[in-house]
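Please look over the sequence and the 3D structure shown here before reading on. The report after it takes up a few parts of the fold in turn.

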Amino acid sequence: MKSKKDSAKSNKTAKLDKNSGVFHLSTEYTPAGDQPQAISKLLTGLDKGLRYQTLFGVTGSGKTYTMANVIAKVGKPTLVIAHNKTLAAQLAQEYREFFPNNAVHYFVSYYDYYQPEAYISASDTYIEKEAQINEEIERLRHASTQALLTRKDVIIVASVSCIYGLGSPKEYEKVNFKIEKGMKADRSEFVRRLIGMYFERTNADLTPGTFRAMGNAIEIMPVSERVVYKVKIEKGGDAGEIVSEITIIDAITRNIIEDTSALFLFPAKHFVTPENERARAVADIKAELDKRLKELDADGKIIEAERLRRRTTYDLALIKEVGYCNGIENYSRHFSGMAPGEAPDTLLSYFPHKEDGSPDFLTVIDESHVAVPQLNGMFAGDASRKKNLIDYGFRLPSAADNRPLKFNEFEQRVGQVIFTTATPGKFEFEYSKQIVEQIIRPTGLIDPVLVVKPVTAIAKSKGVDGNTGQIFDFIEEAKKVIKNNQRAIATTLTKKMAEDLTEYLKEQGIKTAYIHSDIMTLERIQILTDFRRGVYDILVGVNLLREGLDLPEVSLIGILDADKEGFLRSESALIQTIGRAARNVDGRVILYADNMTGSMDRSIKETERRRGLQLAYNKEHGITPQTIIKRINDITDHIKSDHQKTVGKLILLDELEFAKNPDKLIKSKEKQMEEAVKILDFETAAILRDEIKELMERTLKKQKKEAKEKREVNKGSRARKQMLE
């Protein structure tokens, strides 16, 4: 193994031609430990045409770096699938660091909150679809598809949303608008063209997917970038009106980024349907409605028939008038022109294909032991929900075709696949033609020390009841690592336990945060970043391994109720959780349990096997293990808009004044916002509006905290008074 000093360093390469199809890996290290043989074997397998391979790599062995080397050598567009948004964001950040001069994009579901439409027949309950779209994530989705259609050196890190319907790439690409300096351009026709690409006209401040016309200039904000395209149209002599100037402007500062001679503008929506196709789709929907109503009437389902007639007729009226209706995705099969049961277009359709139609890109499925079952289960869950909606007249049968891909359809749409995991599942073992082990870590780090502590004995020694003892013991152990500026993690079995434990730890004066599925995507990512920075000393969660945590600062993990057999305490889950402490030289895991379960026994034996291999390697090569030193990057930075970053900076600048007099600061900001509106400076007004909103939320939180503390003091006073009486 080579030390940092001895490692071969490589300077960042010059910016590449975007169509070169060549990936240039930028890193100061060379492969070490098990990485060289893993890279070689995987590349050999790809050359042989192996369909499936598995990189069986322990936590902390550098699986992402190994795959970066493989991607660089293969030189094909690559899809990296992660099983959740947080892990996808982390991987996207890592690949951006490895390939700073190539296109690395992040593609996940754009919903911050999503409640799907459903009908529960047992209680006759209809649940309306509710969704909150994150505009920044939608921007990144468009950036992903546009990169795939315009360049070859592309890596897309995606969640399972990559197998959901997205709209035809052919129609999406067909509608793109190339604007060139000197081209003929009638102003009215130019505006109509933008509207035909689903851009909305506005007279206020620009938002993604909008444009405004002012005099001879048209300003457009694309959905894929936070910039403004300013296009000037002027008379050009005998040629009539021409595009005389194209300027790219910073959306917030209004500073000119560059003057350009040409640019491509893509549609503001992924689902693009030409006008003539829309008319055909409406006719097809009507025909299906008539057929379905006859079926329902024949079965005596009068209520269902009337319900379907009202819903569909209303939707069609909206589609004709405004081109859109709530739940329009349920008619996607008609708009796309696909046959009943045919698989929808997805992100996979945007990747390059050979002349014979076969996929011409590499797929990497990260944490495949979780991601593969997830990909396999999406269709069945969606189909069950849709069946009820169709049977009871809420939707037409064609709504079932607005769906994720079946697993066999997914397999047909990807080429060669490499699974990466520390705990391969049944699918990987059964289908992989080659399983490549990566046990030896370049850092020399050994798997953490495992300690099993009996819950009952601890409780008895501390004079407490039930499971309270394990909490007390964990706090004592956590305080020791916190003193050394290290972090600790506790895993519980339920969300309620995670929340209660977090509150208790806070009461003990320990900086603590919890993570579970109710925490929104960007907030989860921010909590993880703050945890690494030391804003929190302890992180509590239920299934923390689902986050794909890469936290070198963690030296202690407490697995509470480790002997409660089940999904959260299975062999795979335990090994994954134990691995979270494998990036720190002082890594230690405490399993609180009264009984030795089969899962515990197997995970302990596997951990000891890996420790033995690493220790032998270290001894042979004279390696002293060192904790991984990893730069702390905020992986939300590439998700946040310039607008959000500006708001954040203003709040930091105003923190001192806010602490002195919150009300005074808020009133001052409100006055500034009103003044900005008066002079039509809508960008500044929007920034001030969002700063005020954030300051008011902080004020409310502070008031709630003070009220809670006051109640606790009063409660204590009453208790003491009762004791004295």
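The sections below describe a sheet, a helix, the nonpolar cores and some salt bridges in what is a predicted model.

## The open sheet

Seven strands make up an open sheet, and following them across gives the order E3-E8-E2-E17-E18-E1-E19, with parallel pairing. At the edges are strand E3 (103-107) and strand E19 (434-438), each of which pairs on one side only. From one strand to the next the twist averages 20°. At the E3 edge, five bridges join E3 to strand E8 (residues 154-158), and the two run parallel; within this pairing, His105 stands opposite Ile156 in E8.

Two helices lie across strands of this sheet. Helix H1 (residues 35-47) lies across strand E1 (52-57), strand E17 (362-366), strand E18 (417-421) and E19, and its direction makes an angle of about 165° with E19. Helix H3 (residues 85-98), in turn, lies across strand E2 (78-81), E3, E8 and E17, and runs at about 175° to E3.

## Strand E17 inside the sheet

Strand E17 is mostly covered, since five of its five residues are buried. In a regular strand, side chains alternate between the two faces of the sheet. In E17, Leu362, Val364 and Asp366 point one way while Thr363 and Ile365 point the other way, and all of them are buried.

The neighbours of E17 can be followed through one residue, Thr363. On one pairing, four bridges join E2 to E17 in parallel, and Leu79 stands opposite Thr363. In the other pairing, E17 and E18 are also parallel and are joined over four bridges, with Thr363 standing opposite Val417 in E18.

## Helix H7 and its surroundings

How far apart should the ends of helix H7 be, given 1.5 Å a residue? For its 24 residues (275-298) the expected span is 34 Å, and the end C-alpha atoms are 35 Å apart, which agrees with that expectation.

Along H7, the buried residues are Arg278, Ala281, Val282, Ile285, Glu288, Leu289, Arg292, Leu293 and Leu296. What covers these buried residues includes helix H8 (302-322), helix H9 (332-336) and helix H10 (368-391). Just after H7 comes Gly300, which takes a positive phi of about 75°.

## Two nonpolar cores

The largest nonpolar core has 60 residues, and those with the most contacts inside it are Phe190, Ile220 and Leu347. Strand E13 (residues 227-235) gives the largest share of this core, namely four residues. If residues up to four places away in sequence are not counted, Ile220 touches Phe190, Leu194, Phe199, Thr210, Phe211, Val227, Val228, Tyr229, Val231 and Leu265.

There is also a second, separate core of 35 residues, which includes Val80, Ala88, Tyr106 and Ile525.

## Salt bridges and an exposed lysine

How many salt bridges does a search of the whole structure find? The search finds 37, and a few of them show the settings in which such pairs occur here. The side chains of Arg212 and Glu219 meet in a salt bridge, with 3.0 Å from N to O, and both residues are buried. Arg309 and Glu306 also meet through their side chains, at 2.8 Å from N to O; they both lie in helix H8, three residues apart, which is about one turn of the helix. Arg309 counts as partly exposed because its relative accessibility is 33%, and Glu306 is likewise partly exposed at 33%.

Another salt bridge joins the side chains of Arg532 and Glu553, at 2.9 Å from N to O. Arg532 lies in helix H16 (residues 521-533) and Glu553 in the loop between strand E23 (538-541) and strand E24 (554-559), so the pair ties together parts that are 21 residues apart in sequence. Both Arg532 and Glu553 are buried. Elsewhere, Lys453, Asp473, Glu477, Lys480 and Arg588 are linked in a network of salt bridges.

Is Lys174 buried or exposed? Lys174, whose place is in helix H5 (residues 169-174), has a relative accessible area of 59%, and because exposed means over 50%, Lys174 is exposed. Its C-alpha atom is separated by 9.5 Å from that of Pro267, although Lys174 and Pro267 are 93 residues apart along the chain.

Notes
Residues numbered from 1 in each chain as written. Predicted model: local features only at pLDDT ≥ 70, side-chain atom pairs only at ≥ 80, totals over all residues. Heavy atoms only, no water. Expected span 1.5 Å × (residues − 1). Buried < 20%, exposed > 50% of the residue type's maximum accessible area, 1.4 Å probe, protein only. Contact = heavy atoms within 4.5 Å. Pairing = 2+ DSSP bridges. Axes fitted to C-alpha atoms, helices over the stretch in contact; angles between N-to-C directions. Core = buried A, V, L, I, M, F, W, Y, C linked by side-chain atoms within 4.5 Å. Salt bridge = Lys/Arg side-chain N within 4 Å of Asp/Glu carboxyl O.
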